[in-house]
Amino acid sequence: MLLFIRKIGNTLVIDKPKKSAYNMNHTIKIVIFGGVKMNNIKEFKEKFEQKILESSKIVIVPHSGIDFDAIASAIAISLIARKFNKPTCIIVNDPSYKINHGVQTIINEVINDISIINSNTYMRSRNYEESYQNKFNDLFVLVDFNSYDMLSLDKDFLMNNKTVIIDHHIENEKTIPSDIKYINQNSSSASEILSMLLCMFKVKKTKDIANYLLAGIYLDTDKLSKNITSSTMRLVSNLLKHGASMNYVTELFAEDFISDKKVLELVSKSSIITYCIAIATADDDIEYTKEELAKVADYLLRYKADASFAIGNIGDNKISISARSKDKVDVGLIMHELNGGGTKFSAATKLDNITVEEASKILKKIIEPPYYINE
Ligand SMILES: [Mn+2]
């Protein structure tokens, strides 16, 4: 058998010559990264506790484009820090018009109790120059992401500060170096990991935090239909026991009518380009949020498609592609070819200065073996 070996950043990728997107399953990746990665959550808990104890403030950084999983996990981390009497803040840099209304509801519910600020406010509070030199001994906890792409802080800033990552996404060459990290791709969501950590740290779960974590799990499992394991369901059961309510969560997920109409219009414009792959290509002059594109891709998987892609303009001269897969196609690898990332089931990328149509052509070149192209 002929094997190809390529090096992408810190990753060695070995693959068989590919005939179709299906064969991408045979790719082997060897990833070499810095930082201490904990495979064992108990070991991570001990190290994380030490880091919290030796720091003066816990600065929690959810990913940009904050969603239910990121905000719920961030709030859970602030409860852990509080147990050790450490002050905390959560950094959110997304402009409020870009924040999902359900996520905004959660932020509004906790804002009087937990400090949620943007990075400039944090920098001012800490004195910009001195923060860069870590004069304050703050601990940065990045949650629900591990890559520079989704970091809402100045990249150089983290270099001199202590960093912890808690995540469930695959690592890639853009993974941020950290002192310790717990990254478990078998977990459905960061909220699942945090539900477990709250138990281990013996933090009492209120009805509110149980609801938020359930919303986080609900989002990342596409309403408890994907990526779930017996461990996920055990934790869901535990959250329900602590007062979480499905009614509260479905209410948070209620669609905004205008946005949903946009989603369904784009779904109706999609085409199944082979018998297995659905692509929705938006008009350039309509701006979508990444979340709307993700919904379109999710929606397309209801049909007999193995994988789906939604391509649209997200503003700032950027085109985003959101990709979803049932099983046979590895959309993580396909998005990786376009400088993006994600898991086999759910991935995305952003492309600069091109049109939706051009992005669609590039994507089709990657996913279609020549004998499938019919244009
Ligand atoms: Mn997540």
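How many residues does α2 have, and what distance does the helix reach from its first C-alpha to its last? In the predicted model, α2 comprises 16 residues and reaches 23 Å between these two atoms, close to the 22 Å expected at 1.5 Å a residue. The helix, spanning residues 68–83, is mostly covered, with 13 of its 16 residues buried. After α2 comes N85, a residue with a positive phi near 55°.

Helix α2 also enters into the description of the nonpolar interior. In soluble globular proteins, nonpolar side chains tend to be buried together. The largest nonpolar core of the model contains 62 residues, and the members with the most contacts inside this core are I60, I71, V141, V143, L213 and L214. The largest share of the core is contributed by α2, which supplies 10 residues. Apart from this core lies another, of 36 residues, including A305, I319, I334 and A348. For L213, the contacts beyond four places away in sequence are with A72, A76, S191, L194, S195 and L239.

A parallel arrangement is found around strand β9, which covers residues 162–167. Of the 6 residues of β9, 5 are buried, and the strand is thus described as mostly covered. Strand β8 (residues 138–143) runs parallel to β9 and is joined to it by 5 bridges; within this pair, F140 stands opposite T163 of β9. Strand β9 is likewise paired in the parallel sense with strand β10 (residues 180–183), here over 4 bridges. In the latter pair, I166 has Y182 of β10 as its bridge partner.

A mixed sheet was also identified. This open sheet is formed by 6 strands in the order β11-β12-β13-β14-β16-β15. Its edges are β11 (271–272) and β15 (341–342), each of which pairs on one side only. Strand β14 (residues 318–325) and strand β16 (residues 346–352) are antiparallel to each other and share 7 bridges. One pair of bridge partners consists of R324 and S346, the latter in β16. Helix α12 (residues 290–300) packs on the sheet, where it touches β12 (277–281), β13 (307–315), β14 and β16. The direction of α12 makes about 30° with that of β14.

Note on methods. Residues are numbered from 1 along each chain as its sequence is written. This is a predicted model: local features need pLDDT of at least 70, side-chain atom pairs count only at pLDDT 80 or more; totals for chains, interfaces and linings use all residues. A residue is buried if 20 or more other C-beta atoms lie within 10 Å of its own, exposed if 12 or fewer, and partly exposed in between; C-beta atoms are placed from the backbone. Two strands pair if DSSP finds at least two bridges between them. A nonpolar core is a set of buried Ala, Val, Leu, Ile, Met, Phe, Trp, Tyr and Cys residues joined through C-beta atoms within 7 Å. Two residues are in contact if their C-beta atoms, placed from the backbone, lie within 7 Å. The expected span of a helix is 1.5 Å times one less than its number of residues. Axes are lines fitted to C-alpha atoms, for helices over the stretch in contact, and angles run from 0 to 180 degrees between N-to-C directions.
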